[in-house]
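Reader: I have some questions about the terms used for this model. Please set each value against its definition.

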Amino acid sequence: MRVGVVGTGYVGLVVGACLAETGNDVVCADVDARKVDGLKRNQLPIYEPGLQPLVERNQTGGRLSFTTDVAGAVEQSDIIFIAVGTPPDEDGSADLQHVLAVARTIGQHMNRSKIVITKSTVPVGTAEKVRGEIQKHTQAPFHVCSNPEFLKEGAAVDDFMKPDRVVVGVDADETARALEELYAPFVRTGNPLIFMDIPSAEMTKYAANAMLATRISFMNQVARLCEAVGADVSLVRKGIGSDRRIGPAFLFPGPGYGGSCFPKDVKALIKTGDDRGVSLDVLKAVEAANDRQKLILFDKLTRHFPDGLKGKTVAIWGLAFKAETDDVRESPALVLAEALLEAGVKVQVHDPEAMETAKMQLGNRVTYAPNAYAALEGATALAIVTEWREYRNPDFTKMKGLMRQALIVDGRNLYEPSRLADLGFTYDSLGRRLACASS
Ligand SMILES: NC(=O)c1ccc[n+]([C@@H]2O[C@H](COP(=O)([O-])OP(=O)(O)OC[C@H]3O[C@@H](n4cnc5c(N)ncnc54)[C@H](O)[C@@H]3O)[C@@H](O)[C@H]2O)c1
């Protein structure tokens, strides 16, 4: 099939590369000329495991190309994915200007019948707005459908290649058949391709992200209570996760959810609810709990230094909002770094992939360490924010030798508290007892 993907960010690039991998003829279009230039030379603008070889192989094989000519991409495609960003507007609602700008271009270049797919996360009613915008500019027949994306950054290629499910909202049988054909290679093992009406598909994406954000905030609050009452959240997690009605996923406490999706999608759903007279009280609490959670490591550090943090040096391990990505959008690490800087702390940071992206916000106000150990030199404390694999089993003796004070506040519960105490650390993690150096 001839497929056009408009927007080559985390979603569009993965969608384009994966659809090319299954033999489609894919053109990816983006207004960002630097990004497109790099992609033409197989230079990826993002870090995403497994994506580089996919882009290289399919571009070399002639099935994948990149362009800034959105109109040309529209003209040469039968199926067009809109995968541009939908950032939050000032009032929290999803800003649809990019989606509707693409719809306008599609309408203006509708040279034959096409299927237009909204892949971006968009509120209920957006597919109809897209249809309206296209109709303003063309008499040609076309279909619009909603196909929200559920991939996770850090595992995006795997998620797209082997999805738990594919959700498609359609307005015609003909569209359903075309999408069935397009997705057939990805659902061969029996995971469902679920067809539904368009508003339900649009709603499904928000409901899924809102549910996941709710689980995270719930467990973060349970962890706080565990600390207060002397329970261990790791045991509580196992205890509840083995209940089939609950399940084990997404029950790890952490420093708050971030990234480009959960924060904005929760906000947008709350706004939709308010607009329709349905106050989503649970989600309002989820959001408030998450804002508080992003400061949990700062609060812990403050408690360890009752005389104040001013003049101290704190190392931060991890800047990305989660492991296996270089995405720092809404990352709790940036909130922590800003709070520490505000308190007069010298901040030394390390991340295996996200230093460049973090630099855009933090600039030269922090020190970027070339490796994890270098960040610890002279530090009075280490704060762990991202669960990168290389932080899981470090050389603790070396760490102690580098740090001025052996204090670790851990937002990911990477280590065993009793072991850290035996090694001479004060170790403060989430929802577990404070471990103090035993000698
Ligand atoms: N990132 C994720 O993990 C993820 C997962 C599922 C769904 N989504 C949703 O997918 C959408 C895209 O997210 P993303 O993370 O890929 O965004 P992104 O910011 O990484 O990429 C968006 C791209 O669209 C391009 N763009 C903007 N306006 C354009 C236009 N008029 N024409 C052509 N290109 C244009 C930008 O230059 C950018 O490259 C959002 O709605 C997001 O909520 C994201």
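Reader: Where is glutamate 330 placed, and what makes its phi worth a remark?

Author: In this predicted model, glutamate 330 sits in the loop between β9 and α14. Its phi is positive, about 60 degrees, although glutamate 330 is not a glycine. Most residues other than glycine have a negative phi.

Reader: Why is glutamate 330 called partly exposed?

Author: Its relative accessibility is 44%. Buried means under 20% and exposed over 50%, so glutamate 330 at 44% counts as partly exposed.

Reader: Which other residue that is not a glycine has a positive phi, in the loop between α10 and α11?

Author: Phenylalanine 250, with phi near 60 degrees. This residue is in the loop between α10 (233-241) and α11 (262-275). With a relative accessible area of 31%, phenylalanine 250 is partly exposed, because that class lies between 20% and 50%.

Reader: Which residues of α14 are buried, and what covers them?

Author: Pro332, Ala333, Leu334, Leu336, Ala337, Ala339 and Leu340 are buried in α14. Their cover includes α13 (296-304), β9 (313-317), β10 (346-350), α15 (355-362) and β12 (381-384). After α14 comes glycine 344, with a positive phi near 85 degrees.

Reader: What does α14 give to the largest nonpolar core?

Author: That core has 56 residues, and Trp317, Leu319, Leu340 and Tyr415 touch the most other members. Helix α14 (residues 332-342) supplies the largest share, six residues. Apart from this core lies another of 42 residues, among them Ala17, Leu151, Val168 and Ala176.

Reader: Which residues does leucine 319 touch beyond four places in sequence?

Author: The contacts of leucine 319 include Val328, Ser331, Ala333, Val349, His350, Asp351, Ala354, Met355, Ala358, Leu362 and Thr386.

Reader: How do you know whether glutamine 348 is buried or exposed?

Author: Buried means under 20%, and glutamine 348 has 8% relative accessibility, so it counts as buried. Glutamine 348 belongs to strand β10. Beyond four places in sequence, its contacts are Thr313, Val314, Ala315, Ile316, Thr367, Ala374, Ala375, Leu376 and Glu377. The C-alpha atoms of glutamine 348 and isoleucine 316 are separated by 6.2 Å, with their positions 32 residues apart along the chain counted as the separation.

Reader: What makes the pair of glutamine 348 and alanine 375 a polar contact?

Author: A polar atom of the glutamine 348 side chain lies 2.7 Å from the backbone oxygen of alanine 375. The cut-off for a polar contact is 3.5 Å, so the distance of 2.7 Å is within it.

Reader: Why is glutamine 293 called buried?

Author: Its relative accessible area is 2%, and the limit is under 20%, so glutamine 293 is buried. Glutamine 293 is in helix α12 (residues 281-293). Leaving aside neighbours within four places in sequence, glutamine 293 is in contact with Asn220, Arg224, Gly254, Pro255, Gly256 and Leu430.

Reader: How do you know that threonine 67 and leucine 96 are buried?

Author: Threonine 67 has 17% relative accessibility and counts as buried, because the limit is under 20%. Threonine 67 lies in strand β3 (residues 64-67) and, beyond four places in sequence, is in contact with Val27, Cys28, Ala29, Asp30, Val36 and Ala73. Leucine 96 has 11% and also counts as buried. Leucine 96 is in the loop between β4 (79-82) and α5, and its contacts, on the same sequence condition, are Thr86, Val122, Pro123, Thr126 and Lys129.

Reader: What surrounds the ligand?

Author: The ligand is surrounded by 25 residues, the closest being Asp30, Lys35, Thr86, Glu153 and Lys264. The shell divides into nine nonpolar, eight polar and eight charged residues.

Reader: What makes the approach of glutamate 153 to the ligand a polar contact?

Author: An N or O atom in the glutamate 153 side chain is 2.7 Å from a nitrogen atom of the ligand. The limit is within 3.5 Å, so the pair at 2.7 Å qualifies. A backbone N or O atom of valine 11 lies 2.8 Å from a ligand oxygen atom. The protein covers 88% of the 830 Å² of accessible area that the ligand has on its own. Elements that give two or more residues to the shell are α1 (10-21) and α5 (97-108).

Terms used:
Residues are numbered from 1 along each chain as its sequence is written. This is a predicted model: local features need pLDDT of at least 70, side-chain atom pairs count only at pLDDT 80 or more; totals for chains, interfaces and linings use all residues. Side-chain values use heavy atoms; hydrogens and water are left out. A residue is near a molecule or strand if one of its heavy atoms lies within 4 Å of it. A polar contact is a pair of N or O atoms within 3.5 Å; within protein, one must be able to donate a hydrogen and the other to accept it, and residues adjacent in sequence count only if both atoms are side-chain atoms. Accessible areas come from the Shrake-Rupley method with a 1.4 Å probe; for residues, only the protein chains shown count as cover. Helices (H or I, at least four residues) and strands (E, at least two) are DSSP runs, numbered from the N terminus. Ala, Val, Leu, Ile, Met, Phe, Trp, Tyr, Cys and Pro count as nonpolar, Asp, Glu, Lys and Arg as charged, and the others, Gly among them, as polar. A nonpolar core is a set of buried Ala, Val, Leu, Ile, Met, Phe, Trp, Tyr and Cys residues joined through side-chain atoms within 4.5 Å. Buried means under 20% relative accessible area, exposed over 50%, partly exposed in between (1.4 Å probe, protein chains only). Contact means heavy atoms within 4.5 Å.
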